[in-house]
Amino acid sequence: MKGFLLTLFLILCGTSMFYAQIEVSGTITSKEDGETLPGVSVVEKGTTNGVVTDVNGKYTISVKNQESVLMYSFIGMQMKEEVVGRRTQINPALSSSITDIESVMVTALGVKKEEKTLGYSAQQISGQDAIEAGNPNPIAGLQGKVAGVQVIQASGTPGASAKILIRGNATFGANQPLIVVDGIPIDNSTGNTYSSNVGGVDQSNRAMDINPDDIASVTVLKGAAATALYGSRAGNGVILYTTKGGSNTEGKLIGSFSTGVNFTNPINMHEQQQKFGQSVGAYSWGDPVKDDEIFDNVNDYFRTGVSQEHNLSLAGGNQTSQVRASVGHTNAEGIIPNSNWKRTSIRVSANTKFTDRLSFNSSVSLTKTGGNRPQKGSNLAGVMLSLYRTPIDFDLKSAYEENHSNDNYFEWYDNPYYSAFANTYVDNVWRTMGYGSLLVDLNKKEGGFFNSLDLTLRTGIDSYSDARKAKAPIGSNSVDDKKGFIMDYQGNFQELNNDVILRGSKTTEEFGFDFTLGANSRNLKDEYQRTEGLQLSEDGFYNIANAKAVTTSQYTTLINEYSLYFDMTASWKRMLYLGLSGRNEWSSKYEMGSNNNFFPSTNVAFIFTELFDGGKIGPLSFGKLRGSFGQTGIAPLPWRYASYTQAVNVGDGYTAGNTTDASGAFLTNWGAIQGNQNLRPEILSGMEVGMDLRFWEGRLTFDLAYYHQTTRDLLIQVPVSSVTGFISNYQNIGEMVNQGIELSIGSDVVRTKDFTWNTSLNYGRNRNEVTKLADGVEEIALAGGFTSISAYARKDEPFGVMYGETWQKDDNGNLLIASNGLPILNPEREKVGNPYPKFNLGWRNTVSYKDWSLGFFFDGFFGADVYNGTKAMMNFRGIGKETEDREGKVVIEGVSSTDGQPNTIEISKENYWKYYRGIGGASEQFIENVNFVRLRNVSLTYNLKFGTKVLNSIDNLTVSAIGTNLLTFTNYSQGDPETSLTGAASNTQGFDYFNSPNVRGFMIKLSTNF
């Protein structure tokens, strides 16, 4: 690492190096984003002399004399001509034309390919599109913008995680995709903490350590054929982030600066009744309350959240060296008092050409993130749990402000003000990500077989430290005995990836061939130590030495993997493309005899419009059919192939027992889980067919894909005979299927000199089914469930299906009513819902008139089941809005369980709301099949041009007003269905149980270039 940083420093401080040469050479880039362009045609005007740029956008061509003119052409770009003159280096930047038929896309391993050559589905969006709503989480920025991708934000609290699914759940374990930044895989976990799935706090996923302002483009690789080159890490898909780099500014320094402030408020809150006060205990079944005795605890509690973001970047360079440096800072104060999250990042990217054959590229970032997380969910210190349940005649704010005590309407719950300031959970993360890449041009100058041939040596690192501290004072209900709590957590993560990559290409008039051969070594160390202390001796002194009961846990993960991989594409007449790839891995995650795993893929693309004159069929200017098949994997957690011993205590019934034998050796016994030396990765096999149609030179685009993928050898924890000395072991047994349809439509509805309107629509539909479990295993309980309802993996059902309490009914579907006038619960839980939607939609529009631009974006899901547990509990407590109807008695419609006659037994409205229409009844009543559409963002931008530079440098100022989550259209009865109680750390979703609310935001942003 020290050597890498030293090299980078020398690059930044060193002087440029120039070398004379006979040929004209250079690198061709896109003017819009600075990305290099492979496949650009470079022709000496008036001759047949020409070459094509390689995969890195480089070219070398010999010309007749200084008067020669070079023509640079690329479909989708405007052709450019350059007179050679005395120059030996020409680096043109091409601008987009009205059609994007041959756009370039970043694919696996960071290789840039023409989109038209791909035989699989991949979708790329610009960095600007990913961050247009001002969301600091780059994962959340993909929401609704990529077909087949579902993103769920945990909540509106600062730094909350975002969960992303690509083509559904592929495994019983973690289903989050692999994140790759500039070709280097990075960690995107939420860390190991004490928080439970239904309580605790909202964590950050580690992709939030990326500053969105540094992102140039995002590519989502979906199917197995697209991701096979990443092997056993890519079964859940891959998201590729490419960051911004320097450019040739002819020695000038250019910069950009942006600043913005965002104001947020809670939206879609659960409603409380406003008539009746507290009764006995934690209930609101009391007498009517006068208007002047009612306290608006919910609305009074929240504050206006204020987030600020500032970004500055400087870039410059010449023909041989370019550099970009950026700094960004985000400071978010949440709607919940004392909640906050900050991120400060510094990134430097540099590249230099030492000689005409040797160049070096690098990038390094240093990021600090962290904040204070409010308590959530099923948690006696949970902010929303206490806030929503508080009777309307109790003043929470006054109870706390009198002496900052934990006074509350019910002694079991922490006052939410007290919880916000006393039950703190603070994290502090320092992270370094970066790479260094040495590129050697191996191609012969004259007479070589290859058009391009180069060798890349690349090293990438992802390293962070994660320090967290949680505390609860004496008297807090977050601890069972109310005697206080402290938790110190220290995690350290480091992953090192080394690649050696050989790339080459050969192109003739009819045939083309390019290849990538590579080797990778991956070394990972992930360790944490967590110390928890209970029963504090002195209140307010949060040191482990102050705790009477101390427990410590420590965990270390070591992974060593080695891989060989290849990728090759053959083409015929730029019409037919056949691709093959494969990766072979050897990993320490398996026993030596079973650690050799191969992941192949193949894809074909046929551009059928090339069969016709001019490459068109009427208005159809481009048409492609594609198909692919591939296999990728999902690796087990480390060390599951081995059995482990643990320390034991042997007692005699009279003393404290012994932990050592007579010789002083520690007494041990086998752990509960037996190792399995035959473990292998889960294998995802996926096929895909699709078409890509472009009409009127790209004015209307249409991309359709159908996929079917099966994950076999799913790891399941299976019970074993007690005679083995173990309780269970892991086996490769399960199987799960996903199949679906993805559709993307884009159109330039209007395109004139002054006015344009661009619109795009993304549609994704996925159907999931668990098709196999181990013999004797009927279900696997997933994290994040409750007593009355939980999520499971069950055979012949969708993964994550909800099973809960249901009412008994007769053959005609009538409720069976007991002698107490209430329905009867079934003794066994039954299927009550599927939390995954039937389909997702995203609709994006951009309208521009001269210097004005208006953007608006809708997205949503349809047919997802959500458990409204918050509403169920609020009804039970008598605080829910519905319970205002509580006078008189009611007869529940149904039949008597004894004689089958219509029920005539009256019950009180209190019992009706508690034990029938509240949490005391069947959970099936609170499963709501939800349709949901949200106006995700609206932005109005004006580009102010000064005509002459201001302060000798600034020539324009862009002013933007951005609104987020402005409108919600849904049939959800109360609350916000776009929520995830368990966050990105869990495989479950669809649980609404005192989650922190989502927010509506209004942002003002200024940006300028200089």
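These are my notebook entries on a predicted model.

**Entry 1: a helix inside**

I began with helix H8, which covers residues 869–877. How many of its residues are buried? I found that 9 of the 9 are, so the helix is largely enclosed by the rest of the structure. I wrote the names down: Gly869, Thr870, Lys871, Ala872, Met873, Met874, Asn875, Phe876 and Arg877. Charged residues are on that list too, namely Lys871 and Arg877. I then looked just past the helix. Glycine 878 follows H8 and takes a positive phi of about 80 degrees.

**Entry 2: positive phi without glycine**

Next I looked up backbone angles. Most residues other than glycine have a negative phi. I noted two residues with a positive value.

Leucine 109 is not a glycine, yet its phi is positive, about 70 degrees. I found leucine 109 in the loop between strand S9 (104–106) and strand S10 (112–114). Is leucine 109 buried or exposed? Its relative accessibility is 5%, and the cut-off for buried is under 20%, so leucine 109 counts as buried.

Lysine 482 is also a residue other than glycine, and its phi is near 60 degrees. Lysine 482 sits in the loop that joins strand S24 (452–474) to strand S25 (483–507). I checked its cover as well. Lysine 482 has a relative accessible area of 29%, so I logged it as partly exposed.

**Entry 3: salt bridges**

Side chains of opposite charge can pair when their charged atoms come close. I searched the whole structure and got 45 salt bridges. I followed up three.

The first entry pairs glutamate 742 with arginine 167, at 2.8 Å from N to O. Glutamate 742 is in strand S36 (residues 728–751), and arginine 167 is in the loop between strand S13 (162–166) and strand S14 (178–181). The two are 575 residues apart in sequence, so the pair ties together distant parts of the chain. Glutamate 742 is buried, at 3% relative accessible area. Arginine 167 is buried too, at 1%.

Then I took lysine 376 and aspartate 202. Their closest N and O atoms are 3.3 Å apart. Where do the partners lie? Lysine 376 is in the loop between strand S22 (358–372) and helix H5 (383–389). Aspartate 202 is in the loop between strand S15 (184–186) and strand S16 (215–221). This salt bridge therefore ties together parts that are 174 residues apart in sequence. Lysine 376 has a relative accessible area of 4% and is buried. Aspartate 202, at 5%, counts as buried.

My next pair was aspartate 209 and arginine 431, with 2.9 Å between the closest N and O atoms. Aspartate 209 belongs to the loop between S15 and S16, and arginine 431 belongs to strand S23 (residues 425–441). Here the pair ties together parts 222 residues apart in sequence. Both residues are buried.

I also asked which residues join up in a network of salt bridges. The members are Arg167, Lys222, Arg626, Glu688, Asp703 and Glu742. I recognised Arg167 and Glu742 from the pair above.

**Entry 4: patches on the surface**

I turned to the outside. A nonpolar patch is made of Leu253, Phe257, Leu312, Leu314, Val327, Ile346, Leu366, Trp430 and Phe1010. Together they have about 750 Å² of accessible area. Strand S18 (253–266) and strand S19 (305–317) each supply at least two of these residues. I checked one member, leucine 312. Leucine 312 lies in S19 and is partly exposed, at 32% relative accessible area.

Which residues gather in a patch of negative charge? I listed Asp291, Asp292, Glu293 and Asp393. Glutamate 293 is in the loop between S18 and helix H4 (297–301). With a relative accessible area of 40%, glutamate 293 is partly exposed.

**Entry 5: the nonpolar core**

Last, I looked up the core. The largest nonpolar core has 57 residues. Those with the most contacts inside it are Phe172, Tyr301, Phe302, Met384, Ile789, Phe991 and Phe994. Several elements give two or more residues to this core, including H4, helix H6 (396–401), helix H7 (416–422), strand S35 (700–719) and S36. H8, the helix of my opening entry, is also one of them. Which element gives the largest share? I found H5, with 5 residues.

Terms used
Residues numbered from 1 in each chain as written. Heavy atoms only, no water. Buried < 20%, exposed > 50% of the residue type's maximum accessible area, 1.4 Å probe, protein only. Helix = DSSP H or I, 4+ residues; strand = E, 2+ residues; numbered from the N terminus. Salt bridge = Lys/Arg side-chain N within 4 Å of Asp/Glu carboxyl O. Patch = residues over 30% accessible without salt bridge, like charges linked within 9 Å, V, L, I, M, F, W, Y side chains within 5 Å. Areas by Shrake-Rupley, 256 points an atom, 1.4 Å probe, with all protein chains shown as cover. Lys, Arg positive; Asp, Glu negative; His and termini not counted. Charge placed at Lys NZ, Arg CZ, Asp CG, Glu CD. Core = buried A, V, L, I, M, F, W, Y, C linked by side-chain atoms within 4.5 Å.
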